[in-house]
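Biologist: I would like to go through this model with you, one region at a time. Could we begin with how the chain is divided?

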Amino acid sequence: MSGKLPQELTLSGLREGRASVAVVTGAGIDSEAGLPTFRGDKGYYEDEEATYLASVDALKAEPSRQWHWYLKRFVSYHDTHPAHSHFALAELEAELGEKFLGIITQNVSGLHRKAGSQKVYEIHGSIQEMRNLKTGEQQTLPETWVESPPGDEELISWRPHVCFFGESYDCFPLPEAMEVCNSCDILLVIGTSGVVHTPVLLSESAQRSGAVVVNINPHPGEVDKISDMNFRGSAAEYFQESVL
Ligand code: OAD
């Protein structure tokens with residue numbers, strides 16, 4: 001269902017109401033901070049090479065080249081500031097307290113945390129983290145790598161802690177994310193095409209548990225079919241009522 005949102009599903013309605021809220025985000029919200037989306041005009045996957053480098057095949061065949069592609073993104077994300085929509089979600093969390101159950105993000109940018117959000121489930125991992133290939137230990141990438149990239153010898157035992165194409169969710173907090181979705185009264189799904197099916201599965205599960213699913217996206221996509229309400233606008237437009 002598209003159209004004007006009922007008051008209780010608007011930002012001010014969420015603030016004033018008693019409903020518990022969870023949020024799923026995708027690349028659309030990060031595009032407001034200047035990062036490319038994956039699909040569509042100027043998306044990462046317009047470039048076949050990027051599709052390959054984000055895959056488990058590249059990890060097996062050319063780990064060094066893959067690492068350096070991720071390191072480039074690590075550097076550019078480091079200099080990226082959250083958009084108004086990221087800050088609005090962090091404010092909503094602070095205002096709702098216990099009633100704000102969390103943000104489940106497919107984005108690896110770290111922008112929700114940078115904006116001050118606390119309850120963040122990074123189901124595709126984080127570009128700021130790496131994982132030991134043998135032990136599975138996770139570490140934050142050293143800040144110094146922004147200015148002086150590491151040599152291959154420093155990287156050899158590690159891989160980016162992001163979910164590659166062709167990998168399962170085993171190392172990522174999907175069960176926790178599912179639990180959050182199943183516990184909320186209102187689920188906002190913001191800026192995801194749903195081509196990677198996880199947001200659709202999370203939304204279906206939330207809906208089965210009684211939640212109202214609100215899809216915030218200026219364009220049609222896979223989430224439309226299962227959402228209770230489609231807000232056909234950008235995240236910035238949804239959150240604009242909090243612009244001073
Ligand atoms: P996509 O690039 O597939 O979709 C981005 C969505 O954002 C589209 O539906 C746009 O219409 C929408 N959009 C664009 N600008 C927006 C705005 N200002 N406000 C709201 N929506 C907007 O990105 P994702 O669905 O996030 O996985 O992609 C899912 C996963 O596919 C990614 O996490 C990545 C990729 O493979 C991994 O890297 C593991």
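Modeller: A word on terms comes before the layout: the domain bounds come from an automatic or database domain assignment. The model itself is predicted. On that basis the protein chain is divided into domain 1 (1–34 + 81–124 + 169–244) and domain 2 (36–79 + 125–162).

Biologist: How far apart do the C-alpha centres of domain 1 and domain 2 lie?

Modeller: The two C-alpha centres are 26 Å apart. The contact takes 18 residues from domain 1 and 15 residues from domain 2.

Biologist: Which residues have the most contacts inside the largest nonpolar core?

Modeller: They are W67, Y70, L71, F74, L141 and W145, in a core of 26 residues. At least two residues of this core come from each of helix 3 (48–53), helix 4 (56–61), helix 5 (63–78), strand 4 (125–132) and strand 6 (158–162). Helix 5 gives the largest share, with six residues.

Biologist: And where does this core lie with respect to domain 1 and domain 2?

Modeller: The core lies between them, because both domain 1 and domain 2 give residues to it. Apart from it lies another core, of 23 residues, which includes L9, L11, V23 and A235.

Biologist: Back to the first core. What does L71 touch, sequence neighbours aside?

Modeller: Leaving out residues up to four places away in sequence, L71 touches L141, W145, P150 and L155.

Biologist: Then let us take L141. Is it buried or exposed?

Modeller: L141 is buried, with a relative accessible area of 5%; the cut-off for buried is under 20%. L141 is placed in the loop between strand 5 and helix 8 (152–155).

Biologist: Which residues is L141 in contact with, beyond four places in sequence?

Modeller: Those contacts are W67, L71, F74, I127, Q128, E129 and M130. With F74, the separation is 67 residues in sequence and 8.9 Å in space, C-alpha to C-alpha.

Biologist: Strand 4 next. How many of its residues are buried?

Modeller: Seven of the eight residues of strand 4 are buried, so the rest of the structure largely encloses this strand.

Biologist: What joins strand 4 to strand 6, and what to strand 5?

Modeller: Strand 4 and strand 6 run antiparallel and are joined by four bridges, with G125 opposite V162 of strand 6. Strand 4 and strand 5 (residues 138–140) also run antiparallel, with three bridges between them; here E129 stands opposite T140.

Biologist: Which residue in the hairpin of strand 4 and strand 5 takes a positive phi?

Modeller: That residue is G136, with phi near 80°. The hairpin has five residues between the strands.

Biologist: Moving on to strand 7. How many of its residues are buried?

Modeller: Five of the five residues of strand 7 (residues 186–190) are buried, so this strand too is largely enclosed by the rest of the structure. Its two faces are both covered, with I186, L188 and I190 buried on one side and L187 and V189 buried on the other.

Biologist: Which strands pair with strand 7, and in what sense?

Modeller: Strand 1 (residues 21–25) pairs with strand 7 in the parallel sense over five bridges, and the bridge partner of A22 in strand 7 is L187. Strand 8 (residues 212–216) runs parallel to strand 7 and is joined to it by five bridges. In that pairing I186 stands opposite V212.

Biologist: Now the ligand. How many residues surround it, and which are the closest?

Modeller: The ligand is surrounded by 24 residues, and the closest are E32, F38, R39, T192 and S193.

Biologist: What polar atoms are paired with it?

Modeller: A nitrogen atom of the ligand is 2.7 Å from an N or O atom in the side chain of E32. An oxygen atom of the ligand is 2.8 Å from a polar backbone atom of A27, and an oxygen atom of the ligand is 3.2 Å from a polar backbone atom of Q106.

Biologist: One last residue, S55. Where is it found, and is it buried or exposed?

Modeller: S55 is in the loop between helix 3 and helix 4. S55 is buried, with a relative accessible area of 7%. Its side chain reaches the backbone nitrogen of D57 at 3.3 Å. Not counting residues up to four places away in sequence, S55 touches Q66, F164 and F165.

Terms used: Residues are numbered from 1 along each chain as its sequence is written. This is a predicted model: local features need pLDDT of at least 70, side-chain atom pairs count only at pLDDT 80 or more; totals for chains, interfaces and linings use all residues. Side-chain values use heavy atoms; hydrogens and water are left out. A nonpolar core is a set of buried Ala, Val, Leu, Ile, Met, Phe, Trp, Tyr and Cys residues joined through side-chain atoms within 4.5 Å. Buried means under 20% relative accessible area, exposed over 50%, partly exposed in between (1.4 Å probe, protein chains only). Contact means heavy atoms within 4.5 Å. Two strands pair if DSSP finds at least two bridges between them. A residue is near a molecule or strand if one of its heavy atoms lies within 4 Å of it. A polar contact is a pair of N or O atoms within 3.5 Å; within protein, one must be able to donate a hydrogen and the other to accept it, and residues adjacent in sequence count only if both atoms are side-chain atoms.
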